[in-house]
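Visitor: I have a structure to look at and do not know where to begin. Please show me how to read it, feature by feature.

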Amino acid sequence: IHELADNIYNKRFVIAGVNPGIIRFDKKLKSKKKSGHLVLVFGLSIKDGKINGFYINNPSGRKSGTQKKAFIPIETFIKAYAERGLVLE
């Protein structure tokens, strides 16, 4: 998470592997597996010196709040994040 945040802070884009259901806040999850979907992580929020969450673009979000410029709280992101992805400079 901190490496991902460092890349975002340094103006890099990150394509992260995530669980799509968790990122979309689905009430019924088909799988808790942390992979299977890619999202663009382009921003972060820091509060009181700690990572508060990330901003993502997720074209397959079911509601506008989970698609473009969607804020994902850090607890939710950690549950969904597969700890792998691509960094674009």
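What follows is a conversation about strands, a helix, burial, backbone angles and pockets.

Visitor: What kind of model is this, and how are residues numbered?

Guide: This is a predicted model, in which local features need pLDDT of at least 70, side-chain atom pairs count only at pLDDT 80 or more, and totals for chains, interfaces and linings use all residues. Residues are numbered from 1 along each chain as its sequence is written, and side-chain values use heavy atoms, with hydrogens and water left out.

Visitor: In what order do the strands form the sheet?

Guide: Begin with the terms: helices (H or I, at least four residues) and strands (E, at least two) are DSSP runs, numbered from the N terminus. Two strands pair if DSSP finds at least two bridges between them. Here five strands form an open sheet, ordered β4-β3-β2-β1-β5, with antiparallel pairing. The edges are taken by β4 (70–73) and β5; each has a single partner strand, so one side of each is left without a neighbour in the sheet. On average, neighbouring strands of this sheet are turned by 40° against each other, direction ignored. Axes for such angles are lines fitted to C-alpha atoms, for helices over the stretch in contact, and angles run from 0 to 180 degrees between N-to-C directions.

Visitor: How many bridges join β1 to β2?

Guide: Five bridges join β1 to β2 (residues 37–47), and the two run antiparallel. Ala-16 has Val-39 of β2 opposite it. Between β2 and β3 there are seven bridges, again antiparallel, and Ser-45 stands opposite Gly-53 in β3. Gly-53 also has a bridge partner in β4, namely Pro-73; β3 and β4 pair in the antiparallel sense over four bridges.

Visitor: Which strands does α1 lie across?

Guide: Contact means heavy atoms within 4.5 Å. Helix α1 lies across β1, β2, β3 (50–57) and β5, and runs at about 80° to β2. Leu-44 is a residue of strand β2. Leaving aside neighbours within four places in sequence, Leu-44 is in contact with Ala-5, Ile-8, Tyr-9, Gly-53, Phe-54 and Tyr-55.

Visitor: Is Phe-77 buried or exposed?

Guide: Buried means under 20% relative accessible area, exposed over 50%, and partly exposed in between (1.4 Å probe, protein chains only). Phe-77 lies in helix α3 (residues 74–80) and counts as buried because its relative accessibility is 0%. Not counting residues up to four places away in sequence, Phe-77 touches residues including Leu-4, Ala-16, Val-41 and Ile-72. Another of these contacts is Val-18; Phe-77 and Val-18 are 59 residues apart in sequence and 8.1 Å apart in space, C-alpha to C-alpha.

Visitor: Which residues have a positive phi, and what should I make of the sign?

Guide: Most residues other than glycine have a negative phi. Lys-11 has a phi near 65°, a positive value. Lys-11 lies in the loop between α1 (2–9) and β1 (13–18), and counts as exposed because its relative accessibility is 74%. Glu-83 has a positive phi near 60°; Glu-83 is placed in strand β5 (residues 81–88) and is exposed at 65% relative accessibility. Asp-48 has a positive phi of about 55° and sits in the turn of the hairpin formed by β2 and β3, with two residues between these strands.

Visitor: What is the volume of the largest pocket, and what lines the pocket?

Guide: Rolling a probe the size of a water molecule over the atoms shows where empty space is left. On a 1 Å grid over the protein atoms alone, using a 1.4 Å probe, a pocket is an open set of points with protein on both sides within 12 Å along at least five of seven lines; lining residues have an atom within 4 Å of a point. The largest pocket has a volume of about 180 Å³, a volume being the space filled by probe spheres set on the points, with grid points joined across faces, edges and corners. Its lining includes Asn-19, Arg-24, Asp-26 and Arg-62. Arg-24 is found in the loop between α2 (20–23) and β2 and is buried, with a relative accessible area of 13%.

Visitor: Which strand gives the largest share of the lining of the second largest pocket?

Guide: The largest share, six residues, comes from β5. The volume of this second largest pocket is about 150 Å³, and Glu-83 is one of the lining residues.
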